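Please work through the exercises below with the sequence and the model side by side, attempting each task before reading its solution.

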Amino acid sequence: MPNFSLPRTVRITRAHKISAALVASASCAAALAMTAAPSNAAAPAAQASALVKPVGTDGLPVAANDKSAQDKGQDNAVAASISDHLKVTGIDKQGHAAQQAANRSMERKEIVQQAPKSAPKTYTNNLDGWIREALDIMKSKDIPGSYEGLHRNIIRESSGNPYAINNWDINARNGIPSKGLLQVIQPTFDTYHVKGTAHDLYDPVANITAAANYAAHRYGSIDNVNSAY
């Protein structure tokens, strides 16, 4: 086989080109490696950035502050709800108490309405009953007198006869005879008649109260009368 040898200069040049190519190839590889490295290194940096959260002026992470604000808002909402519930409950209790009071008032009214009214006082239709009724009227009108004083004068004047009449004394001669239980003349009866009693000189109660009223004005009380007056 023929031995073809290249000139030394050619061999050196070729070797130099090969070497230069290898160097260039290595540089490209290094460049590619440097280009790819930042991409790979960014992941841990991003992860670290994600783990480290911004801190507020109070030293707490902003996210934590946000959550705290949310919690406070929820707490305030719960407190407001409880307050509203208590107010509503209070109003309900007040309304219930007022209703119960109204019910009790209505029950009392019904009891009062259902309770039988006290029957008016009654008196017997005799001398004892007439005197007792007259005494009750006299008491309401502040006219003094006692059962004994009335009874004593009635027996002396008429013996307890409400229709007794004196036709022989000076009054009879003057045309105004004394009449009734306590022998009262008409002018005296008209002057001292007690309101609420009959306008009848012969009415027992009207006669007694008018005579007692006259005696109170002239003698202080019917109890002080022991003879004709």
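The exercises that follow concern a predicted model, and they go from the whole chain to one helix, its core and a group of rings.

**Exercise 1. Describe the overall make-up of the protein chain, including its helices, strands and buried residues.**

Solution. Begin with the secondary structure: the protein chain holds 7 helices and 0 strands, and along the sequence this reads as α-α-α-α-α-α-α. Next, turn to burial, where 22% of the 229 residues count as buried. Then consider the surface, for which the computed accessible area of the chain is about 16300 Å², with 59% of it belonging to carbon and sulfur atoms. Finally, among contacts with a separation of 6 or more, 45% are accounted for by residues 24 or more positions apart.

**Exercise 2. Examine helix α3 from its start to the residue that follows it, and compare its reach with the expected span.**

Solution. First, locate the helix at residues 127–140, which makes 14 residues. Its reach from the first C-alpha to the last is 20 Å, close to the 20 Å expected at 1.5 Å a residue. At the start of α3, look for a side-chain oxygen of asparagine 126, which comes to within 3.2 Å of the backbone nitrogen of aspartate 128. After α3 comes aspartate 142, whose phi is positive, near 60 degrees.

**Exercise 3. Determine which residues of α3 are buried and which helices they pack against.**

Solution. Using the cut-off of under 20% relative accessible area for burial, one finds Leu127, Gly129, Trp130, Ile131, Ala134, Leu135, Ile137 and Met138 to be buried in α3. The buried residues of this helix pack against α4 (147–158) and α7 (204–219).

**Exercise 4. Identify the residues with the most contacts inside the largest nonpolar core, and the elements that give two or more residues to this core.**

Solution. The largest nonpolar core has 26 residues, and those with the most contacts inside it are Ile131, Leu150, Ile154 and Ile208. The elements that give two or more residues to this core are α3, α4 and α7, and α7 gives the most, with 8 residues. To see the surroundings of one such residue, take isoleucine 208: leaving aside residues up to four places away in sequence, it touches Trp130, Ile131, Ala134, Leu150, Ile154, Leu181 and Leu182.

**Exercise 5. Find how many aromatic pairs there are and which residues the ring pairs link into a cluster.**

Solution. Take rings whose centres lie within 6.5 Å as paired; by this rule the count comes to 3 aromatic pairs. Then trace the links between rings, which join Tyr192, Tyr214 and Tyr229 into a cluster.

Definitions and conventions
Residues are numbered from 1 along each chain as its sequence is written. This is a predicted model: local features need pLDDT of at least 70, side-chain atom pairs count only at pLDDT 80 or more; totals for chains, interfaces and linings use all residues. Side-chain values use heavy atoms; hydrogens and water are left out. Helices (H or I, at least four residues) and strands (E, at least two) are DSSP runs, numbered from the N terminus. The expected span of a helix is 1.5 Å times one less than its number of residues. Buried means under 20% relative accessible area, exposed over 50%, partly exposed in between (1.4 Å probe, protein chains only). Contact means heavy atoms within 4.5 Å. A polar contact is a pair of N or O atoms within 3.5 Å; within protein, one must be able to donate a hydrogen and the other to accept it, and residues adjacent in sequence count only if both atoms are side-chain atoms. Rings of Phe, Tyr and Trp (its six-membered ring) pair if their centres lie within 6.5 Å; planes under 30 degrees apart count as stacked, over 60 as edge-to-face and the rest as tilted. A nonpolar core is a set of buried Ala, Val, Leu, Ile, Met, Phe, Trp, Tyr and Cys residues joined through side-chain atoms within 4.5 Å. Accessible areas come from the Shrake-Rupley method with a 1.4 Å probe; for residues, only the protein chains shown count as cover.
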